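I set out to look up a few charged positions one at a time. For each, I wished to record where the residue lies, how accessible it is and what it touches.

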Amino acid sequence: MIRLDKYISDAAAYSRREVRLLVKKGAVSVNGITAKSADMKIDEAKDSVCVNGEKLRYRKYIYLMLNKPQGYLSATEDDHDPVVVDLVPDELKHFNVFPVGRLDKDTEGLLLLTNDGHFDHELMSPRKNLYKRYYAELDLPANEEDITLFASGMQFREFTAKPARLEIDPADPCKVYVEIAEGKYHQVKRMWEKAGKKVLFLKRVAIGDLELDASLPCGKVRELTAEELAVFGW
């Protein structure tokens, strides 16, 4: 059971004070009956709540897929640059989501956003060994030696990268797919630097078995489906 004002403030962009005013105006109904008190208890799983005739969808936690554009920081705020939460639609901003992991400022593609700290912890935990898949375009063609180099694991000053998977486009060896289990700062670019090549374009296309929705425009957000959440055992 949950208080009506909390239910509405969790489900929609209303403050508790605004909910009390809505109830006073007779704009809130529960199961078709006009609510008389903002602190009445309701069952969030069973009761139907409407505000101004519109049925609300209640959920405590939210899980979003963002097709991140270049130029945005994977953060909730910054004094100089735009951040990924700026791209969240107004009707979802009250959930106060944050990025799960990060993508570099000049990297595009799949980024998850949530307000569920447990979900974030589970996906980011090193024991999860969750591979992320990137599409990259290089200044020079990739070759079989690069596949061996990536698979061997690379030593960097502050960490040793786990073995990475590399696929080369047979039609254009300057186009490749890289799968890494970490997500260190500029990791994919630094790995290619060790191979003597420069990344010209980088886009994350999958996290584990979750692929970026090809129909989701760059800069847009949508909620994950139940089937997509199930990919992570959620």
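**Entry 1: Lys189**

I looked up the accessibility of Lys189 and noted a relative value of 16%, so I entered this residue as buried, the cut-off being under 20%. I bear in mind throughout that the model is predicted. I then placed Lys189 in helix H5, which covers residues 187-194. Setting aside residues up to four places away in sequence, I found that Lys189 touches Asp106, Val199 and Leu202.

**Entry 2: Asp10**

I turned next to Asp10 and located this residue in helix H1, residues 4-11. Is Asp10 buried or exposed? I recorded a relative accessibility of 18% for Asp10, which therefore counts as buried. With neighbours within four places in sequence left aside, I listed Ile2, Tyr58, Arg59, His94 and Phe95 as the contacts of Asp10.

**Entry 3: Asp81**

I found Asp81 in a loop, between strand S7 (63-68) and strand S8 (98-100). Its relative accessible area is 26%, so I wrote down Asp81 as partly exposed; that class lies between the limits of 20% and 50%.

Which residues does Asp81 contact, apart from neighbours within four places in sequence? I noted Leu73 and Lys105. I examined the pair with Lys105 further and found a polar contact of 3.0 Å between the side chains of Asp81 and Lys105.

Lastly, I checked Asp81 against Phe98, which is 17 residues away along the chain. I recorded a separation of 16 Å between the C-alpha atoms of Asp81 and Phe98.

Methods:
Residues are numbered from 1 along each chain as its sequence is written. This is a predicted model: local features need pLDDT of at least 70, side-chain atom pairs count only at pLDDT 80 or more; totals for chains, interfaces and linings use all residues. Side-chain values use heavy atoms; hydrogens and water are left out. Helices (H or I, at least four residues) and strands (E, at least two) are DSSP runs, numbered from the N terminus. Buried means under 20% relative accessible area, exposed over 50%, partly exposed in between (1.4 Å probe, protein chains only). Contact means heavy atoms within 4.5 Å. A polar contact is a pair of N or O atoms within 3.5 Å; within protein, one must be able to donate a hydrogen and the other to accept it, and residues adjacent in sequence count only if both atoms are side-chain atoms.
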